[in-house]
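Reader: Hello! I work on charged side chains in my calculations, so please give me a close look at that one part, with its surroundings where they help.

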Amino acid sequence: MTVKIYDTPEVQDFLKTVAGLDQAGGTERAKQIMHRLLSDLFKLIDDFDVTQEEYWSTVSLLNALGGQTQFGLLSPGLGFDHYLDMRQDAIDAEAKRNGGTPRTIEGPLYVAGAPEAEGFARMDDGQDRDGETMWLTGQVRDVNGNPVAGAKVEIWHANSKGGYSFFDKTQSEYNLRRTIHTDSEGRYTARSIIPSGYGVPEGAPTDQVLKALGRHGERPAHIHYFISAPGHCHLTTQINLAGDPYTFDDFAFATREELVIAATRIEDPAEIAKRELEGPFSEVVFDIELDKTEAPELQVRHKRPRAKEDAQDQASQLAGTAEV
Ligand code: MBD
Ligand code: FE
């Protein structure tokens, strides 16, 4: 026998009190959102007849998630990051901003302040013996096909074990993280290593949630990008390498058809010599098209707490001054 108390005046009044609706302080938006959130959850508890045991084990799980800073990992796993992208796509379509390479999620593993280079950078520190050499290159163009010189291309990716420097303390500082400014033809080139896919740590709180849903926590091999240039929309995106078993089964829902790219294995000695490499390598070509905008706020990445990026950096970015 299940009880239903949600619709009683006591519970409805209680919700208003808890959300501070009868208080002068606080902010109206916080109150409205908390009132709605709590209302939905209280109703859920009633409808699903949530037990004490279920409730408190969830509290414990949330503590574990926070304690291991995994909300930023669970977030894409539960589709929030992709949902925000879907909304942003709809906002762009409504504003007739329909051009350019598609966006996809940033993920939780960006670190600000990577070394900067003009045109070309080597991204790997040479320590990853299992890493196949990757030649990553492309051209940044506007929607009319004109090259964008001096565009800022930030790239970050995992090593051959799926780990990211900074978060994986076995890697050197800023390994596999670089900022490359495009050359006079709008081109960027990086020498790096082919990344492996990422897997949510076994047994971690995020893994527990996914397991309860019968889901895995695997991402395909992928490479993250931030691309920006004056007069153009900032773009947050990723490429997913073709042929990975998880290319179209990404736990973080970041894959988009247009962003799946095949790496081409090259063994021709002339091609190796041309790039001053030591042996066969895999080439990945990713050209990027940026939509135009005059609005300053669309030319920078949205605010979000990021490793090694403080509020000051974000303010100066928005003001269009150089990043420190
Ligand atoms: C990643 O590398 C990533 O990009 C996302 C979205 C989630 C977990 C690990
Ligand atoms: Fe990633």
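Author: Happy to. Let's start at Asp47, which is partly exposed, with a relative accessible area of 42%. Please keep in mind throughout that this is a predicted model. The partner of Asp47 is Lys43, and the two side chains meet in a salt bridge with 3.0 Å from N to O. Lys43 also counts as partly exposed, here at 37% relative accessibility. Both residues belong to helix α2 (residues 28-47), where they sit four residues apart, about one turn of the helix. As background, side chains of opposite charge can pair when their charged atoms come close. This pair is one of 26 salt bridges in the structure.

Now for a pair that reaches beyond its own helix. Asp92 and Arg103 form a salt bridge, and their closest N and O atoms are again given as 3.0 Å apart. Asp92 belongs to helix α5 (residues 80-94) while Arg103 is in the loop between α5 and β1 (116-118), so this salt bridge ties together parts that are 11 residues apart in sequence. Are these two partners buried or exposed? Asp92 counts as buried because its relative accessibility is 14%, under the 20% cut-off. Arg103, at 17%, counts as buried too.

That loop between α5 and β1 holds another residue you may want to inspect, Lys96. Lys96 is not a glycine, yet its phi is positive, at about 65 degrees. For context, most residues other than glycine have a negative phi. Lys96 counts as exposed, with 68% relative accessibility. A positive phi turns up at Phe253 as well, at about 55 degrees, and that residue is not a glycine either. Phe253 lies in the loop between β8 (235-241) and β9 (260-261), and is partly exposed at 36%.

Back to the charged pairs. Glu154 and Arg301 join their side chains in a salt bridge of 2.8 Å, N to O. Glu154 is in strand β4 (residues 152-157) and Arg301 in the loop between β12 (288-290) and α8 (311-318), so the pair links parts that are 147 residues apart in sequence. Glu154 counts as buried, with a relative accessibility of 6%, and Arg301 is buried with 8%. The pair also has company: salt bridges that share partners connect Glu106, Glu154, Arg301, Arg304, Arg306 and Glu309 into one network.

Let's return to helix α2 for its packing. Helix α1 (residues 9-18) packs with α2 at an angle of about 140 degrees, and the axes are 9 Å apart. The crossing of α1 past α2 is right-handed. On the α1 side the contact involves Val11, Phe14, Leu15, Lys16 and Val18, which meet His35, Leu38, Ser39 and Phe42 of α2. By class, that makes six nonpolar, two polar and one charged residues.

Finally, the setting for these details. The protein chain has eight helices and 12 strands, and its C-alpha trace spans about 80 × 45 × 35 Å along the principal axes. Of its 324 residues, 45% count as buried. Among contacts between residues at least 6 apart in sequence, 70% join residues at least 24 apart. The chain exposes about 17700 Å², and carbon and sulfur atoms supply 55% of that area.

Methods
Residues numbered from 1 in each chain as written. Chains lettered and ligands numbered in written order. Heavy atoms only, no water. Salt bridge = Lys/Arg side-chain N within 4 Å of Asp/Glu carboxyl O. Helix = DSSP H or I, 4+ residues; strand = E, 2+ residues; numbered from the N terminus. Buried < 20%, exposed > 50% of the residue type's maximum accessible area, 1.4 Å probe, protein only. Axes fitted to C-alpha atoms, helices over the stretch in contact; angles between N-to-C directions. Left-handed = near helix turned anticlockwise from the far one by under 90°. Contact = heavy atoms within 4.5 Å. Nonpolar A, V, L, I, M, F, W, Y, C, P; charged D, E, K, R; others polar. Areas by Shrake-Rupley, 256 points an atom, 1.4 Å probe, with all protein chains shown as cover.
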